Amino acid sequence: MERASQTSRAVYPGTFDPVTYGHIDIIKRAHLLFDEVIVACAENAEKATLFTLEERIAMLREATEGIAGVSVEPFYGLVVDFVRTKKINVMIRGLRMISDFEYEFQMALTNRRLDDTIETIFMMPSEQYSFLSSKLIKEAAGLGATGLVSFIPAFVEERLQRKLHRR
Ligand code: ADP
């Protein structure tokens with residue numbers, strides 16, 4: 001298999017509804033290995049998201065601004081199609097606990113069937129984020145939890161509270 005380009009580049013796809021410090025941890029770790037990391041934010045017709053695509057992208061951009069080599073882009077449809085159009089052959093996924101494994105394993109092998117030239121690489125976050133998910137944060141905030149700044153940036157919490165409680 002040939003390397004697609006000289007500069008090492010990877011795509012980190014996800015829904016990011018909203019971005020958490022777990023995602024940011026993976027982005028930074030990926031950036032230690034790859035010159036360029038494109039964070040690809042899914043339109044996601046299947047999953048109902050709390051935030052719109054534009055809102056999720058704006059938060060990702062704000063959270064990663066200042067990290068040279070990291071950019072954020074939307075994608076529609078199959079992730080392998082997006083990765084291929086970028087002429088990239090590495091996709092990053094984060095692995096938290098064993099519970100992530102089955103789904104991620106299935107998806108990685110399905111994506112490999114769709115395009116054998118694209119490899120999925122799994123990265124583990126720092127243990128303080130290994131139980132953190134966007135879903136958990138949305139549930140906690142929905143039930144009235146505040147002070148979530150050890151899990152999400154303050155500006156994300158503000159938007160989350162506003163969205164959930166129209167404050
Ligand atoms: P999905 O793409 O499955 O809708 P997310 O947008 O929440 O899920 O996450 C994108 C990627 O980041 C996935 O690979 C997911 O496993 C990973 N991820 C999510 N939260 C964390 C975390 N706290 N630590 C490490 N990886 C994470």
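**Group meeting: a walk around the ligand site**

Let's start with one contact: a polar atom in the side chain of Ser134 sits 2.8 Å from the backbone oxygen of Pro18. Before I go on, please keep in mind that this is a predicted model. So who are the two partners? Ser134 belongs to helix 5, and Pro18 is in the loop that joins strand 1 and helix 1. Ser134 counts as buried, because its relative accessible area is 11% and the cut-off for buried is under 20%.

Stay with Pro18 for a second. Which way round is the peptide bond from Asp17 to Pro18, cis or trans? That bond is cis, and its omega is near 0°.

Now step back to Phe16, which is in that loop between strand 1 and helix 1 as well. Phe16 isn't a glycine, and yet its phi is positive, about 50°. Is Phe16 buried or exposed? With a relative accessible area of 3%, Phe16 is buried. Phe16 also brings us to the ligand: a polar atom of the Phe16 backbone is 2.9 Å from an oxygen atom of the ligand.

On to the ligand, then. Gly94 also uses its backbone here, with a polar atom 2.8 Å from a ligand oxygen. Arg96 uses its side chain instead: an N or O atom there is 3.3 Å from a nitrogen atom of the ligand. How much of the ligand does the protein cover? Taken on its own, the ligand has 540 Å² of accessible area, and the protein covers 92% of that. If you're looking at pockets, the ligand takes up the space of the largest one.

Which elements give two or more residues to the shell around the ligand? There are two strands and two helices to look for: strand 1, residues 9-14; helix 1, residues 21-33; strand 4, residues 90-94; and helix 4, residues 98-114. The ligand has 17 residues around it, and the ones that come nearest are Tyr12, Thr15, Lys47, Gly94 and Leu132. Sorted by class, that shell is a mix: seven residues are nonpolar, five are polar and five are charged.

Let me take you to some other spots on the chain. Helix 4 gives us Ser99. Ser99 counts as exposed, because its relative accessibility is 59% and exposed means over 50%. If you want a distance, the C-alpha atoms of Ser99 and Gly14 are 17 Å apart, with the two positions 85 residues apart along the chain.

Lys87 is in the loop between helix 3, residues 79-85, and strand 4. Here's another residue that isn't a glycine but has a positive phi, in this case about 60°. Is Lys87 buried or exposed? Lys87 is exposed, at 59% relative accessibility.

Asp35 is in a loop too, the one from helix 1 to strand 2, residues 36-42. At 44% relative accessibility, Asp35 comes out as partly exposed. Ala68 is 33 residues away from Asp35 along the chain, and their C-alpha atoms are 9.1 Å apart.

Back to helix 5, which spans residues 134-142 and includes Ala140. Ala140 is partly exposed, with 26% relative accessible area, whereas Ser134 in that helix is buried. From Ala140 to Gln161 you go 21 residues along the chain, and the C-alpha atoms are separated by 11 Å.

Last stop: Glu157, in helix 6, residues 154-165. Here's one for you: is this glutamate, Glu157, buried or exposed? Glu157 has 9% relative accessibility, so it counts as buried. Between Glu157 and Gly147, 10 residues apart in sequence, the C-alpha to C-alpha distance is 8.2 Å.

If you keep one stretch in mind, make it the loop between strand 1 and helix 1. Phe16 is there, with its positive phi and its backbone contact to a ligand oxygen. Pro18 is there as well, with the cis bond from Asp17 and the backbone oxygen that lies 2.8 Å from the side chain of Ser134. That's my tour, thanks.

Conventions: Residues are numbered from 1 along each chain as its sequence is written. This is a predicted model: local features need pLDDT of at least 70, side-chain atom pairs count only at pLDDT 80 or more; totals for chains, interfaces and linings use all residues. Side-chain values use heavy atoms; hydrogens and water are left out. A residue is near a molecule or strand if one of its heavy atoms lies within 4 Å of it. A polar contact is a pair of N or O atoms within 3.5 Å; within protein, one must be able to donate a hydrogen and the other to accept it, and residues adjacent in sequence count only if both atoms are side-chain atoms. Accessible areas come from the Shrake-Rupley method with a 1.4 Å probe; for residues, only the protein chains shown count as cover. On a 1 Å grid over the protein atoms alone, a cavity is a set of points where a 1.4 Å probe fits but cannot get out, and a pocket is an open set with protein on both sides within 12 Å along at least five of seven lines; lining residues have an atom within 4 Å of a point. A molecule sits in a cavity or pocket if more than half of its atoms lie within 2 Å of its grid points. Helices (H or I, at least four residues) and strands (E, at least two) are DSSP runs, numbered from the N terminus. Ala, Val, Leu, Ile, Met, Phe, Trp, Tyr, Cys and Pro count as nonpolar, Asp, Glu, Lys and Arg as charged, and the others, Gly among them, as polar. Buried means under 20% relative accessible area, exposed over 50%, partly exposed in between (1.4 Å probe, protein chains only).
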